[in-house]
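I opened my notebook on this one with a short list of things to look up. Here is what I wrote down, entry by entry.

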Amino acid sequence: MSSRQKLIQLVHIGASRLFKDEEARRTWQGDHTGERSCSKMTDKELKHLVNLLRDAKAIKPPKRAGRKPFNRSPYMAKIEALLTDMQLSWEYAETIAWHVTGGKGHATTGRPGIERLEWVHKRQQFEAIIAALYQEQKKRSLLQTVEYLLDAMNLSESYVEKLVAGRANASKWRRNVPLLNAIVDHLNDKVAFERATQVALP
């Protein structure tokens, strides 16, 4: 994700905590930058909004994943990097570890899962945890792309909800990678079509 997309993501996250609806958010953006859409703002204007949202405590400053694990293996370093990128805690990764190592004991081993990352030692278990974190990162990246494209076309999430209506898992589209991929493809095609149409106009 580019630094510009990160700024837009921060504006969306922070503004969603201050304003109840999209119209209020866009009005606030217009009042402070002269542009209602993030996609039309300069990086300087986006940074200005981010600073305003931080001053209002709507955006928390970036933080590390938390406590440092005892095991400083390359696997653990990768897990920490993924958690930090998504601003998630070690507890989030430990929930994943617990599930992939047995959970409540319903897995083939019959033993309950491992509750602490420091107790994970098998390569396969580390790889399963990292794969799950990569999947979460992918979902978040796709969702951010959807939000960016919607903003660029002055559309709201209701457009997406109508688009996916009737599909399997439509109500969970924000967490469904195949659906998110299809939505991104559709929105990119729509953006390309609208640009081509504008160019073709006399």
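Before starting, I fixed a term: a polar contact is a pair of N or O atoms within 3.5 Å, and within protein one of them must be able to donate a hydrogen and the other to accept it. I also noted that this is a predicted model.

**Entry 1: T33**

I began with T33, which is found in helix α2, residues 22-33. With the term in hand, I looked up its polar contacts. The side chain of T33 reaches the backbone oxygen of E35 at 3.1 Å. It also reaches the backbone oxygen of Q29, and there I noted 2.8 Å.

Is T33 buried or exposed? I found a relative accessibility of 14%. Buried means under 20%, so T33 counts as buried.

Then I asked which residues T33 touches, not counting those up to four places away in sequence. My list reads M41, E45 and L49.

**Entry 2: α5 against α6**

Next I turned to a helix pair. I reminded myself that two packed helices are described by the angle between their axes and the distance between the axes. For helix α5 (residues 90-100) and helix α6 (residues 123-152), I wrote down an angle of about 125° and axes 9 Å apart. That angle makes α5 oblique to α6. I added that the crossing in which α5 passes α6 is right-handed.

Which residues meet in this pair? From α5 I listed Y92, A93, I96, A97 and V100. On the α6 side, the partners are Q125, A128, I129, A132, L133 and E136. Sorted by class, the contact of α5 with α6 has nine nonpolar residues, one polar and one charged.

**Entry 3: two asparagines with positive phi**

Last, I looked at backbone angles and stopped at N154. Its phi is near 55°, a positive value in a residue other than glycine. Where does N154 lie? I placed N154 in the loop between α6 and α7, the latter being residues 157-164. Its relative accessibility is 45%, so N154 counts as partly exposed.

N169 went on the page too. Although N169 is not a glycine, it has a positive phi of about 60°. I found N169 in the loop between α7 and α8, with α8 covering 177-200. N169 has a relative accessible area of 46% and is partly exposed.

**Recap for my own use**

I closed the page with some reminders. T33 is buried, whereas N154 is partly exposed, and N169 is partly exposed. The α5 and α6 pair is oblique.

How values were computed:
Residues numbered from 1 in each chain as written. Predicted model: local features only at pLDDT ≥ 70, side-chain atom pairs only at ≥ 80, totals over all residues. Heavy atoms only, no water. Axes fitted to C-alpha atoms, helices over the stretch in contact; angles between N-to-C directions. Helix = DSSP H or I, 4+ residues; strand = E, 2+ residues; numbered from the N terminus. Parallel < 35°, antiparallel > 145°, perpendicular 65-115°, else oblique. Left-handed = near helix turned anticlockwise from the far one by under 90°. Contact = heavy atoms within 4.5 Å. Nonpolar A, V, L, I, M, F, W, Y, C, P; charged D, E, K, R; others polar. Buried < 20%, exposed > 50% of the residue type's maximum accessible area, 1.4 Å probe, protein only.
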